[in-house]
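Reader: I should like to learn how to read the features of a structural model, one at a time. Could we work through an example together?

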Amino acid sequence: MSEPTPNRWTERLADAGRAALVLGLFWMGVDMAAAQIPNARPIDAKALYQQNCAACHGEQRTGAMGPALLPESLERLRPAEALKVIQHGRPATQMPGFAQQLNAEEINALAAHIRTPVLPAPRWTEADIRASRSFNAPPANEPAKPVWSADPMNLFVVVEGGDHHISLLDGDRFEVITRFASRFALHGGPKFTPDGRYVFFGSRDGWITKYDLWRLRVVAEVRAGLNMRNVAVSGDGQWVMAANYLPHSVVLFDADLNLQKTYAAAMLDGKATSRVSAVYDATPRNSFVVALKDIPELWEISYDPKAAPIYDGLVHDYKMGEAIAKPGFLGVRRTPLEEPLDDFFFDQSYRHVLGATRPKTGDGAATAQVVNLDVRRKIADLPIAGMPHLGSGITFAWNGSTVLASPNLKGGAIDVIDMKTWKPVATIPTPGPGFFMRSHENSRYAWTDSMMSPTARDTMTLIDKTTLQPVATVKEPGKTLAHIEFTKDGKYALASVWEVDGALIVYDAATFKEVKRLPMSKPVGKYNVWNKITRSEGTSH
Ligand code: DHE
């Protein structure tokens, strides 16, 4: 092989220089396809996408076999990680690496292209939702009992985000019953039917999967939207509701994921629309409660067929007839707020919503409030600084009252608030900001992580619920240790080593000693059937 001539060297150096400039621009957030680079061959990133990516990710980048590649879907993917995936593929998936076919400039151009908005904005209509549904009819005479032998009430569903799988775990023996592939990037807690037989998973790409935990098979799937937050299942197991960022909608299904109704997430005059922050079931009220991220309203949608139409205080004259007729069964009951809500949580009576509004800028302050769903207005401010993650809060009895304890995404502290007076009773220091908090009626301790802290992400803090003092820590040095869920009886606490080559660690909840460790691929969350269907005060609902 001959040595490159000086000319070729010059060409190569020029290429390398261009690549470095391209990479630099990418890091600065400059759209590569639009960047003007002297002497650079123009790269048609759109054409590259169509040739190399569209078959799996969809011509409109709305996803197909592969996930959607829209700015909304990629918010959580770091630029360096995106480049790595395009170059080398994603292990344990169909995503191949393109480092052999495409040069650095082309890969950078693609990485920048998928962060540009698709114009016109992709639509996801009721027809698309219906067409996306699949249903696997149960075999004839299928027995209504598990194909495995373990306590169906002490089953754990573990979401493994590392390679997008689910493990079902026997909560008595701590053995995996089965493991199967999930949709890409599930988010939010899976939701169970009241008998604990079926579970519904929601993916950030909008897919809802109904899975039969007893017969170990997927029952139905549907794509509710292009970018979804979470799903909720009604207390009677008859309805499933999805909250979308894209399109701006809430979507209602029956229990087999047949589309029943879509609700545009819009104000009554239709002028302002909103991403939907989250939807939760409020079983004691027979309703779904929906928070909207961009408009100051909280919605309640009753699934009680006897629900009478309710006068809506927000009614504008020209909509009077419609708004009066709509609330009631499956109608929207609007509570006006001063600020939109990002994240919320119910008290145990489900009369109150405790909600947080995140700051629009990094240095702004979050606010938190209590909204009474019956009188339909804010009744108190919640004195929590930093960025409370109320969706991960817990409640418990303390000093003759009931308190709420919530982790904080910004500060290394747990805020404890009296739920009668809505006043703070303690701020419990932790080694760093955390995401999740858990306890159990039968346990004296609440466990919380510090996974948002670069230095303390390996530390779980245990808090005595009587003294409100931290009493111990458990550590997984150098690894992220996060997200706890208790067994049905509260005797064991299961924590995640939140790494791709991670693990599930079972701790004795009284002695804090490790009892067992199971290898798992970034087990982002775990959910105990009994604790969920009984709405245990120590876990998310
Ligand atoms: Fe979540 C639940 C919002 C980022 C893992 N997260 C929820 C819920 C909401 C929410 C509203 C409750 C839904 C439910 O359970 O039905 N999450 C948000 C955000 O606004 C935020 C900060 C930014 C975002 O873009 O979404 C966010 N969440 C994350 C992550 O980065 C996490 C740590 C990793 C991931 O997989 O995305 C993450 N969120 C989770 C998990 C739950 C969750 C594991 C379920 C918790 C539970 O135990 O119930």
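Author: The dialogue below takes up the fold, a helix pair, a metal site and the backbone. This is a predicted model, in which local features need pLDDT of at least 70, side-chain atom pairs count only at pLDDT 80 or more, and totals for chains, interfaces and linings use all residues. Residues are numbered from 1 along each chain as its sequence is written, and side-chain values use heavy atoms, with hydrogens and water left out.

Reader: How many helices and strands does the chain have?

Author: Helices (H or I, at least four residues) and strands (E, at least two) are DSSP runs, numbered from the N terminus. The chain has 9 helices and 33 strands. Of its 541 residues, 54% count as buried, where buried means under 20% relative accessible area, exposed over 50% and partly exposed in between (1.4 Å probe, protein chains only).

Reader: At what angle do helix α2 and helix α6 pack?

Author: Axes are lines fitted to C-alpha atoms, for helices over the stretch in contact, and angles run from 0 to 180 degrees between N-to-C directions. Helix α2 (residues 45-52) packs against helix α6 (residues 104-113) at about 90°, their axes being 9 Å apart. The two helices α2 and α6 are therefore roughly perpendicular, a term covering 65 to 115 degrees. In contact (heavy atoms within 4.5 Å) are A45, K46, L48 and Y49 of α2 with E106, A109, L110 and H113 of α6.

Reader: Which protein residue is the donor to the iron atom of the ligand?

Author: Donors are N, O and S atoms within 2.8 Å of the metal (3.2 Å for Na, K and Ca); water is not among the atoms, so sites may look incomplete. Here H187 (NE2), 2.2 Å away, is the single donor from the protein. H187 belongs to the loop between β4 (175-181) and β5 (191-192).

Reader: Which peptide bonds are cis, and where is a positive phi found outside glycine?

Author: Most residues other than glycine have a negative phi, and most peptide bonds are trans. The bond from L119 to P120 is cis, with omega near -10°, and P120 lies in the loop between α6 and α7 (126-132). Another cis bond joins L246 and P247, omega being about -10°. As for phi, L330 has a positive value of about 60° and F512 one of about 65°.

Reader: Are L330 and F512 buried or exposed?

Author: L330 is buried, with a relative accessible area of 12%. F512, at 18% relative accessibility, also counts as buried.

Notes: Parallel < 35°, antiparallel > 145°, perpendicular 65-115°, else oblique.
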